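Trainee: Could you take me through one part of this model in close detail, and then set that part against the rest of the chain? I should like the criteria stated as you go.

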Amino acid sequence: MQGCFQAKESLTDIFDQIKDVDQQIFGVILEILRKEKVQDLIGFLSDFGNQRLLESSIQQQGEKLKLRDKQQKWSVGRKDLEQISNVLRKLKDHEFNYKDFSSEENEESTLSLINTIKDNSKIIDLLQFLVHLTSIDESIIQGGSNSLHLLVQMKVDLSEINFNNIKIQNTSLVGGNFVRCNFSGSQFNNINISGINLNGAQLFDCIWKDLRIHELHKFNGHTGAVQSVCFSPDGNKLASGSDDSSIRIWDVKTGQQSQLDGHDYCINSVCFSPDGNTLASGSADWFVFLWDSKTRKIKAKLNGHTGSVQSVCFSPDGNTLVSGSIDNSIRLWDVGTGLQKVQLDGHDDAVTSICFSPDGNILASSSYDLSIRLWDVKTGQQKAKLDGHTSTVYSVCFSPDGKTLASGSNDKSIRLWDVQEENQISSTDKQQKDILAELKTPLFFNNLLQESKNITILRISKTPLFQAQGALIMKGDFIDYQGYDLRQLLKSKGCCFQEDFKQKQFFFNITIIIKFITRVFINYFFIRFYYSSSLLGNIFWDFIKTVIDQN
């Protein structure tokens, strides 16, 4: 029925059928449905007796809902009710009431629909009507949920609206403006609430579960310290290595994880290949593993190091993997065969970090021996030894053009090195100033802000930030899709919980009691010891009252 119906009539055409209906009738119908405690909307509207009841109720309330032109009469008849009933019947059987219109697969068609209806105030009122109907009839929850998504996407002002008891599921409300709305009794299930504005909202007895919110971006699962993380080239996956001897691959959007087990000791380094198909890991068990990132199975075990492997890195073409170890050696491996190609010796202590230049011709390494080494990848020969740090060098990284190398050390300094000249770039050198200038945010080149010792930094982003300052919460559940309670997040955003109010009220009452007892005691003290001197007593009493009131 659903497929047959859609072939006959489009969603836009269905919406357009309410063009002659007075918008104020939606509020009247909602009031009547709630008063009659209706649960089956279509069944209620199909009954002739109920139709007469609706007509009668609308006519009785007509005087209260006169239009701006007082001479214009309130005229809503059976025709209007029939139009609304027909639209609701069609929407109930339409894919609009079954599919998630916020999903990626429906993104294009949803955008097309929005462009068609965004300027139609009657359709916007119909969509709000459908949202409210979810609090009455559970059979149209997805339709109401899609309606709310459309309203948010069209940036309709939804502030200060009473959304009591609505039920919303399987949709996205990203960026929605719900300032001072009343969501008490509402139920949200599998909703993306990233970037919504709940400032001043009322959230009593809400049941919000399986929520998704980008502000979290916290992946829990490891049982030990996380030593290394690496994004896949497409940015959709994140690999992590931990002291718990496991590797986990996370879906960045959903937070879902896959666990890779095989190493016997802590994982010190993980790295995706340029094509994202292979993940390399270096461990304290002396092994380097190559994993198939799709099947999550081990492709190869690279054996050769005689100490903990501290760092692994793929060459830009993905054919070579380099590893550095506390055995003081650097080893280059053929990714295809899993065989060692060459061993680079030169460091006097453990190798902490390794990095290929963007063209793959130079390899940089750092060590506990305080030095940085540059290696010619083709010949395997050391090109240069860069000295300057006064403690262990933990990290090295090439600039995108490969001309500059950055290093970080335990001596608390970051140093920049000229790769071609093979020396450190001085802080007074024009080249360093040019490099740093390239790293500055374009905002500061526009001279929009005057120089000041006290600068407030604003985060400028296309993604709206989740807000809930002053939102009132009483009871209810707020759980994300991983089962974590979001109350702490809500508190950090400025929400006020009734439990906190009760605690504050308790201490306030205790303070009042203490003040009362103190006043009684002071009064007795005053009468007992200062009765003979009224002037001195009055001065003393006034002083004590001032102290009490100030505290």
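Mentor: A residue is called buried when its relative accessible area is under 20%, exposed when it is over 50%, and partly exposed in between (1.4 Å probe, protein chains only). The model is predicted, and for that reason local features need pLDDT of at least 70 and side-chain atom pairs count only at pLDDT 80 or more, while totals for chains, interfaces and linings use all residues. Residues are numbered from 1 along each chain as its sequence is written, and side-chain values use heavy atoms, with hydrogens and water left out.

The part I propose is strand β6, residues 237-242. Helices (H or I, at least four residues) and strands (E, at least two) are DSSP runs, numbered from the N terminus. Because five of its six residues are buried, β6 is largely enclosed by the rest of the structure. Strand β5, residues 226-231, runs antiparallel to β6 and is joined to it by five bridges; two strands count as paired if DSSP finds at least two bridges between them. Within this pairing, Cys230 faces Ala239 of β6. Five residues separate β5 and β6 in their hairpin, and Gly235 there adopts a positive phi near 80°.

Strand β7, residues 247-251, also pairs with β6 in the antiparallel sense, again over five bridges. Here Leu238 lies opposite Trp250 in β7. The hairpin of β6 and β7 has four residues between the strands, and in its turn Ser245 has a positive phi of about 75°. Asp244 and Arg248 form a salt bridge at 3.9 Å, N to O, the criterion being a side-chain nitrogen of Lys or Arg within 4 Å of a carboxyl oxygen of Asp or Glu. Both Asp244 and Arg248 are buried.

The unreviewed UniProt entry carries the annotation "repeat: WD" for residues 219-260, 260-301, 302-335, 344-385 and 386-427. Such positions are given in the numbering used here, with feature names shortened, and annotations may be inferred rather than shown by experiment. One of these spans, residues 302-335, is 0% helix and 56% strand, and its end C-alpha atoms lie 10 Å apart.

Let us now turn to the wider chain. The chain has 551 residues, of which 44% are buried, and its secondary structure amounts to 13 helices and 27 strands. The structure contains nine salt bridges. In one of them, Lys99 meets Glu95, with the closest N and O atoms 3.3 Å apart; Lys99 is partly exposed at 38% relative accessibility, whereas Glu95 is buried at 13%. In another, Arg180 pairs with Glu160, the closest N and O atoms being 2.8 Å apart. That pair links distant parts of the chain, 20 residues apart: Arg180 belongs to the loop between β1 (167-172) and β2 (187-192), and Glu160 to the loop between α9 (141-153) and β1. Glu160 is exposed, with a relative accessible area of 52%.

The loop between β1 and β2 also holds Asn182, which is buried at 18% relative accessibility. With residues up to four places away in sequence set aside, Asn182 touches Ile161, Asn162, Phe163, Asn164 and Gln202, a contact being heavy atoms within 4.5 Å. The C-alpha atoms of Asn182 and Gly200, 18 residues apart along the chain, are separated by 9.1 Å.

As for disulfides, defined as a pair of cysteine sulfur atoms within 2.5 Å, the count is zero. Cys181 is nevertheless buried, with a relative accessible area of 1%, and Cys206 is buried at 0%.

Finally, the nonpolar cores are sets of buried Ala, Val, Leu, Ile, Met, Phe, Trp, Tyr and Cys residues joined through side-chain atoms within 4.5 Å. The largest has 71 residues, among which Phe15, Leu133, Phe178, Phe183 and Leu198 touch the most other members. Helix α8, residues 121-133, gives the most to this core, with eight residues. Apart from residues up to four places away in sequence, Leu133 touches Leu30, Leu33, Leu41, Leu88 and Ile140. A second, separate core of 13 residues includes Ile362, Ile372, Ala384 and Leu386. In helix α3, residues 25-35, the buried residues are Ile25, Phe26, Val28, Ile29, Leu30, Ile32 and Leu33, and just after α3 Lys37 takes a positive phi of about 55°.
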